[in-house]
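Reader: I would like to go through this model with you, one point at a time. Please define each term when it comes up.

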Amino acid sequence: MQKVFVVDKQGKPLLPCHPARARKLLKQEKAKVVQVVPFTIQLNYTVDNPVGSFKAGVDDGSKYTGVAIVNDKTNEVVFKGQINLRQDVKRLMEQRRNYRRFRRSRKLRYRQPRFNNRRGCKIPPSIQCRKESILRFLRDMMKRINITDVVVEEVKFNHAKYRWGKQFSLVEQGKNYLRKQILDLGLSYGSIFGYDTKVKRLNLGLSKKHSNDAISIVCVEKPIINSFEWIIKPRRTKVWGNNPTKTCEERNGFKHYDLVKAVHRTRGVVIGSVRSLKVKAMTLRTKWDDNFPVSYNKASLLQRFDGLVYIY
């Protein structure tokens, strides 16, 4: 069972409610639907003193990041999932650099080379993109739930072994950047190490998953899990407008990254995000397949995402 997120008329996050309670509020016209996935309703009146505070656990990784949001009073998990981080940033940065260098070698008009334009301690774009994905998730969930604390699983890096200073370690740069940005959001920051997370997860009797690791980070007692296993895909903020492989932006009323519900002859009902729009069929990102083909005629639009794509 997935809890329904609730906000009041002014947009203040309230305690999540049971789906039956949400159906009753919608039937009585005391609330309206503001987002389908994750399902969020908005009351048509203001709540003066909202109650409830939640902790967010983050199992930070290089390819996948586990996230969980837990009620710190009842130990109830209202959201758990996994963020699939982008792995192509380094390749795209190298490609852009090669384009720039090749243009200079052809004796055309080009931008003059700049070698001393680094300002401060700038972290690599690949590291920054991973940390920004976590921050984007936290900002998005803070719109519908009152998150007060964030606990992040950190790793220990042996600087003496590699004879590097802390300012040159990519691990330390990423940790410091994420910590500073979380504090700037007005949240309390805490940290834990991986070996502590493993012990806590085994004591709680949870299986090895990134989302379960995130639950173990913030839970002391056995949790009450009331959430689907979500897959979160950050959308690219900058899109290459003249991409020759992108033949169309919309086909049959569907766009890229739309959440679609389709009927398949063997899989039954399939829910996924649009990956490609082909002439006869479109492909979806699902939990089991990143390129699953479905028919246009048997698909319907559930939601059009802005920044983050949620798949369950």
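Reader: How many of the nine residues of strand 6 are buried?

Author: This is a predicted model, in which local features need pLDDT of at least 70 and side-chain atom pairs count only at pLDDT 80 or more, while totals for chains, interfaces and linings use all residues. Residues are numbered from 1 along each chain as its sequence is written, and side-chain values use heavy atoms, with hydrogens and water left out. Buried means under 20% relative accessible area, exposed over 50%, and partly exposed in between (1.4 Å probe, protein chains only), while strands (E, at least two residues) and helices (H or I, at least four) are DSSP runs numbered from the N terminus. Strand 6 is largely enclosed by the rest of the structure, because the number of its nine residues that are buried is eight.

Reader: Which strand pairs with strand 6 in the antiparallel sense over seven bridges?

Author: Two strands pair if DSSP finds at least two bridges between them. One such partner forms a hairpin with strand 6, with four residues between the two strands and a positive phi of about 65 degrees at N75 in the turn. In this pairing Y64 stands opposite N84 of strand 6, and the antiparallel partner over seven bridges is strand 5.

Reader: Which strand runs parallel to strand 6 and is joined to it by four bridges?

Author: Strand 9 (residues 224–225) also runs parallel to strand 6, but two bridges join that pair, and there E76 stands opposite I224. For the partner asked about, Q82 stands opposite I231, and the strand joined to strand 6 by four bridges is strand 10.

Reader: Which element gives the most residues to the largest nonpolar core?

Author: A nonpolar core is a set of buried Ala, Val, Leu, Ile, Met, Phe, Trp, Tyr and Cys residues joined through side-chain atoms within 4.5 Å. The largest one has 38 residues, and those with the most contacts inside it are I69, F79, F137, M141, V150, I182 and Y310. Among the elements that give two or more residues to this core are strand 5 (64–71), strand 6 (76–84), strand 7 and helix 5. The element that gives the most, with six residues, is helix 3.

Reader: Which residues are linked with E154 in a network of salt bridges?

Author: A salt bridge is a side-chain nitrogen of Lys or Arg within 4 Å of a carboxyl oxygen of Asp or Glu. E154 and K175 meet in one at 3.8 Å, N to O, a pair that links strand 7 (residues 147–154) to helix 5 (residues 170–184) across 21 residues. R179 and E154 meet in another at 3.3 Å, again between helix 5 and strand 7, 25 residues apart. The residues linked with E154 in the network are E172, K175 and R179.

Reader: Is E154 buried or exposed?

Author: Its partners make a useful background here: K175 is buried, whereas R179 is partly exposed, with a relative accessible area of 26%. At 8% relative accessibility, E154 counts as buried.

Reader: How far apart are the end C-alpha atoms of helix 5?

Author: The expected span of a helix is 1.5 Å times one less than its number of residues. Helix 5 has 15 residues and should therefore span 21 Å, which agrees with the distance between its end C-alpha atoms, 21 Å.

Reader: Which strands stand at the edges of the open sheet with the order 1-3-2?

Author: Three strands form this open sheet, and the pairing is mixed. Each edge strand has a single partner strand, so one side of each is left without a neighbour in the sheet; the edges are strand 1 (5–7) and strand 2 (31–35).

Reader: In which element is confidence lowest?

Author: Confidence is given as pLDDT, the predictor's value for each residue, from 0 to 100. The protein averages a pLDDT of 88, and 90% of the residues score at least 70. Where pLDDT is low, the predicted coordinates should not be read in detail. Confidence is highest in strand 1, at 97, while the element where it is lowest, at a mean of 66, is helix 4.
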